[in-house]
Amino acid sequence: MPTPHPIGVTRRELLQVGYSGLLGVGLSSFARAGSNGTTPAKRPKSLLIVFLTGAASHHETFDPKPDAPPEIRGEYQTIRTRTPGLLASEHLPKLAARSNLYSVVRSLAHRENNHLVATHHVLTGNVQPGAFFDKIASRDDFPNYAAGRSYFRGAPEGTPCGVNLPTYLMEGPLLWPGQYAGFLGPKHDVMQITQDPNRRDFRVDNLRPSAGLEVNDLRDRMALLSAVNDQRKWLAEAGETKKLTDQQHQALSVLTSGKVARAFDLDQEPAAVRDRYGRHAFGQSCLLARRLVEAGVPVVQANMGRVQNWDSHGNIFNRLKKDLLPPLDTAVSALLDDLTARGLLDDTLVMMLGEFGREPKINKEVGREHWAPCFSGLFAGAGVVPGAVIGKSDKNGAYPVTAPYSPDDIGATVYSALGVDPHADVRDRLNRPVQLNRGQVIRPLFDGSAD
């Protein structure tokens, strides 16, 4: 008689089992990555991106120009913050009162005035290969930050390499680049959530076992998979089969650990905490982002609204004050308070920015056009010196008058915080060495030096 294995399956039965659908857990894009053998000099941090998709106006946030002519100044009043030399829009009072927790870089700049190309640049730290107007995502793109980190450090046990929420950056046939692993391949792709966490019925089904399937059953399936691998090693040596096996291992790890699934259960939060973030998509997305970071997910991106939500070519002042700035102010101020109170801010790099800024001169539709030559970003945590203003724009907010910082420099800053050498080589789809990033860390964020 064939010898049974520990889970009660005979060798003959093992040989009758195929790999297809063996686990059936539905998380095919999760995989453990290899390491380049380097050890960071300091403990790596997490990254939490509050992404203002469509590009918020720096004039109406953290670089107002109250002394400029009306066609540049706009309709809003400015208010003082707790940081000397930093003014804010009147519609950001909570963030203004917490400027001691973050720093603002007012001299970000690049050349891409197109949403898709600029988004790739900001969320990967690299210019999109072969960029042209509205170039959609492809496997020739550079990896986003979660994927770059995953390539060198792997995903922590029991978590995906990153999570994007709550919207998918896509409009019609246009799929935004910068959301994926690009040429590093699908095994480094992040988990994408496409549901509003403020909905009463919010849940993420693919983090739960199928109906009637218990965690112990999954472990038995994993034992079965290991037994099959022992009997059929030649399959495991094939590249595609090995990739599938890695994905299954990571999927099982996420399912059986339960910590990520628990993070998605916002009902576990006290009602007062949920109220403090705001009972809207912005607020609950920021709360969910905090819970995912706390659960060990290394990179979380919370998109503030649907794709191009902040793209205000007309009626900008009404839209911002009614629909956009107040919920953002509530959500991000609560996020900073919460991270601080829980001791998470020291180990989490928070950055809030869009893909570019808005043109200084107000147009005929009472809006502002795209403007990449100058924009602002908020940075906090992970060693960032709080309460600083880095860089300066000219009197109209059109161009930096101090040293500009590019998205490449943002990328170098992010990778350094994540414990990855920004200038290390990765391998593209043709196995060619490609430098991960060509920027320089924005040093004034960390040492308080003048730029």
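The chain of this predicted model has an average pLDDT of 86, and 78% of its residues score at least 70. The beginning of the chain stands apart in this respect: across residues 1–41 the pLDDT is below 50. In the model, that stretch nevertheless has 97 contacts beyond near neighbours in sequence.

In overall terms, the chain contains 14 helices and 16 strands. Of its 451 residues, 58% are buried. Among contacts with a separation of 6 or more, 75% are accounted for by residues 24 or more positions apart.

A useful place to begin is the loop between β1 (46–51) and α2 (70–73), where Lys 65 is located. Asp 63 lies in the loop between β1 and α2, and Ala 55 is likewise placed there. Ala 55 has a phi near 85°, which is a positive value in a residue other than glycine. With a relative accessible area of 0%, Ala 55 is buried, because residues under 20% are counted in that way.

Asp 63 is also buried, at a relative accessible area of 2%. Setting aside neighbours within four places in sequence, its contacts are His 58, Arg 106, Ser 376 and Ser 393. Of these partners, Arg 106 is 43 residues away from Asp 63 along the chain, while the C-alpha atoms of the two residues are separated by 6.9 Å.

Lys 65 carries a charged side chain by class, and its relative accessible area of 13% makes it buried. If residues up to four places away in sequence are not counted, Lys 65 touches His 59 and Arg 73, together with Ser 393, Asp 394, Lys 395, Asn 396 and Gly 397. Ser 393 thus appears among the contacts of Lys 65 and among those of Asp 63.

The next loop to consider runs between β2 (78–80) and β3 (87–89), and Leu 86 lies in it. Leu 86 has a relative accessible area of 2% and is therefore buried. Apart from residues up to four places away in sequence, Leu 86 touches Phe 62, Arg 80, Thr 81, Ser 99, Tyr 102, Val 104 and Val 389. Leu 86 can also be related to Pro 64: the two are 22 residues apart in sequence, and their C-alpha atoms are 9.3 Å apart in space.

Two further loops show particular backbone features. In the loop between β5 (163–165) and β6 (170–171) lies Pro 166. The peptide bond that joins Leu 165 and Pro 166 is cis, with an omega of about -15°. In the loop between β13 (375–380) and β14 (389–390), the residue of interest is Ala 382. Its phi is near 55°, again a positive value in a residue other than glycine. Ala 382 has a relative accessibility of 8% and so counts as buried.

The account now turns to the packing of helices. Helix α5 (residues 145–153) packs with helix α13 (residues 407–417) at an angle of about 45°, and their axes are 11 Å apart. The two helices are therefore oblique to each other, and the crossing of α5 and α13 is right-handed. On the α5 side, the contact is made by Tyr 145, Gly 148 and Arg 149; on the α13 side, by Pro 407, Ile 410, Gly 411, Val 414 and Tyr 415. Classified by type, the residues in this contact of α5 with α13 are 5 nonpolar, 2 polar and 1 charged.

A second pair is formed by helix α11 (residues 281–294) and helix α12 (residues 316–341), whose axes come within 8 Å and cross at roughly 20°. Angles under 35 degrees count as roughly parallel, so this description applies to α11 and α12. The crossing in which α11 passes α12 is right-handed. From α11, the contact involves Phe 282, Gly 283, Cys 286, Leu 287 and Arg 290. From α12, it involves Leu 324, Pro 327, Leu 328, Ala 331, Val 332, Leu 335, Asp 338 and Leu 339. The residues of the contact of α11 with α12 comprise 10 nonpolar, 1 polar and 2 charged.

Note on methods
Residues numbered from 1 in each chain as written. Predicted model: local features only at pLDDT ≥ 70, side-chain atom pairs only at ≥ 80, totals over all residues. Heavy atoms only, no water. Axes fitted to C-alpha atoms, helices over the stretch in contact; angles between N-to-C directions. Helix = DSSP H or I, 4+ residues; strand = E, 2+ residues; numbered from the N terminus. Parallel < 35°, antiparallel > 145°, perpendicular 65-115°, else oblique. Left-handed = near helix turned anticlockwise from the far one by under 90°. Contact = heavy atoms within 4.5 Å. pLDDT = per-residue confidence, 0-100. Buried < 20%, exposed > 50% of the residue type's maximum accessible area, 1.4 Å probe, protein only.
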